[in-house]
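Here are a few notes to go with your look at this chain. I hope they give you a handy way in.

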Amino acid sequence: MDGASSDDDGGLQTPHFLRKGSRMSTTSLASSSVVLGNISEEVLKVWSSLPEAIRLDPSLAVFQKEYERVQGRFTGANTSRADCLVVNLSLKHIPEECREYEGSQDPNEKLNCHERKLGPIARYVKLTLLVCCWLVFFLTLMVTREKFEIMHQISVSNNEIKNMTLLDDADNRISVTIEGPLLPYVNTTQSKSLPRCYLSVWLELLVDSEYSSNEILHNNSVTMKNISEVWTLPIVPPELTDMFFAERRKKVFHLSYFPEKLDGGSVVLNLKTNVNSTIPFAISYDMSPLNAEDGIAYAAVVLIGLYILIVFEIIHRTIAAMLASTSSLAILAALNEKPTMAEIISWIDVDTLLLLFSMMILVAIVADTGIFDFLAVYAYKITGGKVWPLISTLCFFTAAASIFLDNVTTVLLMTPVTIRLCEVMQLNPVPVLTAMVIFSNIGGATTPVGDPPNVIIASNRVVVNAGVDFATFTAHMSIGVIMVLIVVYGHFRFIFRDLEVLRFDEPQDVQELRHEIVIWQRAAASLSSYSKDENLVRETLMKKVKRLLQQLKQKLITGSVLMDHYKTTLEELQEKYPIRNKTLLAKSGFCMTLVIILFFFHSMPFFNLSLGWTAFLCVLLLLILADNEDLDGLVARVEWSTLLFFAALFVLMEAMTKLGLIAWIGKKTELVIMSVSEESRLAVAILLLLWVSSLAGAFVDNVPLTTMMIRIATSLAENRNLQLPLQPLVWAVAFGACMGGNGTLIGATANVVCAGVAEQHGYSFTFMQFFKMGFPVLITSTLTITVYLMIAHVVFSWH
């Protein structure tokens, strides 16, 4: 074994294997491997599921030889496969606190670095607090029952007061939900006159309960007392009923008179309409609804707790999101608002998750062709190997692509290319990736299909009726986007005027060796020790990790030797990174082109496929054409933690909505606009909608926030007292939601996707790293948009 070990140590210098022309004979490969005896098919299956960089390493050559023998594809020593060995040498930045443990003989030391950084006492305190939180959530969810909504059918005729007795015990608040032929949202409380057709709803207290609700109208001895204001709802005229969908409205009545003891009385719900026909409605009520003030406070605590966990990296962001979403559900359960499982599942935007999953599979297949390496070398060629032309080309191309594609798809495609470019230029990819995804978010604001908030805004019925189509949206947004791109580019040129901040502090060979250790540890951690076959492969990988750790410890003691890992000439780079599978590239290119074309048809009325379904069907076609038998290995490359993070975030944001936080933000915004003078209202409305959407969008998911803010914008425009134009308010919400996504790591979907793909390549995004670059960009870009909207719509009244 000593001889084998020494041979392997020589082979551990990965760059020698990467270089064109290197040859490793079967004999030398076998001599550097661990003697394992007979290898079963189960063991070979485990080996084949490993990443290519691990699977083709010389220390595992015995597995490769046996696999080729079994498959009947053993081609000897001079196989071209050896020339195609490509190991991902992404350079992961190792925190200072963790570097002292890199030389340890225990391969798990590196994986437990975070706990070591916290210290044993802090670690146990953290675990104790988290377990206590889990126990509280578990007990709360266990002892509470799900709350089901029971709808009561009722018909209301002209000039008739329809009564419904509320049977349950009441509090000083009663929530009433009405579903039926209601007009879209109109703020009737601020209108000068009632709509032509309306429904009035109010509550009364029936003191003598010996009468039924049907006898109330025909008995003058019944004592009734009005205990609420009148809720007026505009309804669809009978002749237009077939042209509108049923709408749902909810209101919480704060009772003006309600004795502690009813003394036999009960609450009656009254309905009256002025329509000359019978109108059916579905009604549900809740005698003890959620207190909005308590809900807002609880929601704020949960949101602050989530950011503390993420900012200080106490736990992984996916676990933090799962913990926060579970805590919000436990709070709802404690407040007698526990949602059903079907309701929780309906909160998850499955279409977004399907889009992300499909594009991850597409990128994984395309990566096998070598196109990302090839594009990186081509970009290196056209920019002459200069740093700023390279970064500029990358950022502006990403922004341009995000105009026509949604920015999530663009980021999934561009992140691998960016990482390869940074490796060629020996740059730290984290700041470059941050700049790239910021430009993607800015470029995506241009069109209705570029960013998820824009899709919500452009599909709003009131916005569409106001004449905002694809061309109008793009024309108004593009000028502001161009201004922001210029300002943000100048901002980046200033903060990165010293290019050394884009490079690593450690020598290149030390960074590569650290990252190689990470790759092998992650491969070993992905295998369980329960199966004998998996445990055999896992032990082999851990032996390799120990040898790498010994080599790193020696390098740190003796000092680094400058090694030319990356070819400095264009010819050598082109030889090193060719297209490896042109047939698969043609198939992938066809399917990717089909995806892009179908994305353009998404806004067409005849096209009834969502973005998620479109991407999934095209990826399914690619899987059929690729005819790849190693589906398990392909699916293993999906960033499942990112998908779980989004699922948890969807649940959290819907729970925040039920707790009243989102509505509270909108209500406060509307009150401020109403408080200013008439001549200043447009400017104040634009400023508030823009800055509230921008700042709140950095810390709250911008999809539910945009849904709420666009409703506020349409409500302000429909208010006859304010006389505000709708289009400037729409542009303010759109710019704010899109620019706000640049503020934090979880502010936009594209940010989290980019971070997840980067982690697969060995780079870690921290919340503070992104915040230090992104939040100043948020302020700069929002100020730029403020100037643009003020000049265009307040000074020149472009609308």
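**Notes on the fold and its cores**

1. The protein chain has 34 helices and nine strands (DSSP runs numbered from the N terminus: helices are H or I of at least four residues, strands E of at least two). Please keep in mind that this is a predicted model, where local features need pLDDT of at least 70 and side-chain atom pairs count only at pLDDT 80 or more, while totals for chains, interfaces and linings use all residues. Residues are numbered from 1 along each chain as its sequence is written, and side-chain values use heavy atoms, with hydrogens and water left out.

2. Of the 799 residues, 51% are buried (under 20% relative accessible area, 1.4 Å probe, protein chains only). Among contacts (heavy atoms within 4.5 Å) between residues at least 6 apart in sequence, 82% join residues at least 24 apart.

3. The largest nonpolar core (buried Ala, Val, Leu, Ile, Met, Phe, Trp, Tyr and Cys joined through side-chain atoms within 4.5 Å) holds 160 residues, and Phe492, Leu652, Phe735, Phe765 and Leu789 touch the most other members. Helix H28 (residues 640-659) gives the most to this core, with 13 residues. Apart from this core lies another of 28 residues, including Ile174 and Val267.

4. Not counting residues up to four places away in sequence, Phe735 touches eight residues by name: His476, Met477, Gly480, Val481, Leu690, Ile785, Tyr788 and Leu789.

5. The crossing of H12 and H28 is left-handed (the near helix is turned anticlockwise from the far one by less than a right angle). Ala321 and Leu329 of H12 and Phe645 and Leu652 of H28 are among the residues making the contact.

Notes:
Buried < 20%, exposed > 50% of the residue type's maximum accessible area, 1.4 Å probe, protein only.
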